[in-house]
Amino acid sequence: MNIITCITTLEQLVQGFLIFRILPLFALKRDGKLWDIIIYISCTTCANMIIFPNDFFNITIDFLWFTALMLIAFKGSAWQKLAAVAVLYPLIISQNFLVMDIFGVIGYRLGWTKTIDLFCTIADPVLHLLIWYSIYKLFEKYLKEAQKLFDDKIWMLLDMICLASFVCITTCIYFSPKQTWKIWPAAFSCFATNSGCIILAKYFVTGIKQDLERRNLILKKSYYEELEQNQTEIRRLRHDMNNHLSTIQSLFLAGNQDEAKDYLKEIEEELTVRNRVFCKNSIVNAVLNSKYNLALKQGIDCFFHIELDKLTGIDAISLCCLFSNTLDNAIEASLKIPDPKDRQMSVKARVTEQGYFTYEIKNAKNNRITEQNGQMKSDKEDGASHGFGLTNVREMVEKYNGTLDISYTEDTFTVTVLIRNA
């Protein structure tokens, strides 16, 4: 029996380890070995908690423990962490109740002989282990990319879908009939519902990726159109080069050296290639060039310092969302300054040695900032249809569990973002 006890204990520890591996698919664990130990012990305990018919105490304790674990030991939005509870908690209690009840019925029907008792003692944890391994492989396949792509709205939708099975299985066990086998269909349907939600999440991921690819293509199209425009201008200037050289020669021969120098300066400015290389990512570079050129045309003094070579934890579309929305806001605010000499804007982005992506954009302003319910309110006439730029940025930062800081004075406005590059 000591060998049997060791085997069943080992299987229970493996069950806890599988749940330990599943939870980070929903939200990132807090850093530190202590948190790993707390999470693993909690996973092992919750996974192996015995659920009896009419078991109000264990079901409630299991739920409160699991919820507290997700809220305290993991990072991310509350909806994201509660999704793990909504999906996994019904699976835990339904299978714990179902497996124990099935083996109880088998033992009762066949008689609790030593052989039957030994069979149930070994088969119970083995069946649990097979179920959790299947759940782990399913979740790993369909939830791997959800953490980075899902926003709070999708996590909330997943919570609402799983709420039905949550209420169903807890109510059935709270008020179990004498013939407990009548609850089995509810337990099986709970498995089907929550497993189906994970498969449905995969379709959400696919849809989001397709939308990102579409935006990617639009940005690439903008990039190549701008590149083609630059090439066309260069070809036109080369074609006219003979005329320019002839004009310069005439000015020098006539002794008009100052006019010749001014003419050369104009040509130099016109020949300057508009497509600058801010970073190696062609899509992000296209956005930066577009906004930079727009700012220069409006007489805004710009300073761009971009170092993204070591950035691996944020996709190009999210970066474009960050840069384009904040740059649009900065340009709009700068244009409200009457004197072009006072229009200034600086953009800094880099990856620190500590492994963080930092972004800061600061612009001059003279408009009044209005806040409503913690949100910046647009001062445009049709403000109801505007003001979403910073909201989009905030959602992007939340998706990567970063921090967003907005500060302003009477004449400056600053947005600062910090995201872990992982």
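## Helix packing and buried residues in a predicted model

The axes of helix H11 (residues 282–297) and helix H12 cross at roughly 5° and come within 9 Å of each other. H11 and H12 are therefore roughly parallel, since angles under 35 degrees count that way. On the H11 side, the contact is made by Ile283, Val284, Val287, Leu288, Lys291, Leu294 and Ala295. H12 contributes Ala316, Leu319, Cys320, Phe323, Ser324, Leu327, Asp328 and Ile331.

All of this comes from a predicted model, so a look at the confidence scores is a friendly place to continue. The protein averages a pLDDT of 81, and 87% of the residues score at least 70. Strand E3 (residues 356–364) has the highest mean pLDDT among the elements, at 93, while strand E5 (residues 375–377) has the lowest, at 57. Over residues 381–388 pLDDT stays under 50, and for this stretch the model has 5 contacts beyond four places in sequence. Where pLDDT is low, the predicted coordinates should not be read in detail.

Now for the overall picture. The protein has 13 helices and 7 strands. Of its 422 residues, 42% are buried. Among contacts between residues at least 6 apart in sequence, 71% join residues at least 24 apart.

Two of the helices can be set side by side, with their end-to-end C-alpha spans:

| Helix | Number of residues | Span, first to last C-alpha | Expected span |
|---|---|---|---|
| H2 (residues 33–47) | 15 residues | 21 Å | 21 Å |
| H5 (residues 114–143) | 30 residues | 43 Å | 44 Å |

For H2, the span is close to the expected value. Its buried residues are Ile39, Ser42, Cys43, Thr44, Cys46 and Ala47. What do the buried residues of H2 pack against? Their partners are helix H1 (2–22), helix H3 (56–73) and helix H4 (78–110).

H5 also reaches close to its expected span, yet H5 has a kink of about 25° at Ala123, shortly before the proline Pro125. Both Ala123 and Pro125 are among the buried residues of H5. The rest of that buried set is Ile116, Cys120, His128, Trp132, Ile135, Tyr136, Phe139, Tyr142 and Leu143.

Several of these H5 residues come up again around Ile198, which sits in helix H8 (residues 184–239). Is Ile198 buried or exposed? With a relative accessible area of 0%, Ile198 is buried. Leaving out residues up to four places away in sequence, Ile198 touches Phe26, Val87, Leu138, Phe139, Tyr142 and Leu143. Ile198 also lies 9.9 Å from Ile135, C-alpha to C-alpha, with their positions 63 residues apart in sequence.

Back in H12 (residues 316–335), Ser318 is another residue to inspect. Ser318 counts as buried because its relative accessibility is 4%, and buried means under 20%. Beyond four places in sequence, Ser318 touches Met396, Lys399 and Tyr400.

Finally, Asn401 belongs to the loop between helix H13 (389–399) and strand E6 (403–408). Which sign does phi of Asn401 have, positive or negative? Phi is near 55°, a positive value in a residue other than glycine. Asn401 is partly exposed, with a relative accessible area of 25%.

Conventions. Residues are numbered from 1 along each chain as its sequence is written. This is a predicted model: local features need pLDDT of at least 70, side-chain atom pairs count only at pLDDT 80 or more; totals for chains, interfaces and linings use all residues. Side-chain values use heavy atoms; hydrogens and water are left out. Helices (H or I, at least four residues) and strands (E, at least two) are DSSP runs, numbered from the N terminus. The expected span of a helix is 1.5 Å times one less than its number of residues. Buried means under 20% relative accessible area, exposed over 50%, partly exposed in between (1.4 Å probe, protein chains only). Contact means heavy atoms within 4.5 Å. The bend at a residue is the angle between axes fitted to the seven residues ending there and the seven starting there. pLDDT is the predictor's confidence in each residue, from 0 to 100. Axes are lines fitted to C-alpha atoms, for helices over the stretch in contact, and angles run from 0 to 180 degrees between N-to-C directions. Angles under 35 degrees count as roughly parallel, over 145 as roughly antiparallel, 65 to 115 as roughly perpendicular and the rest as oblique.
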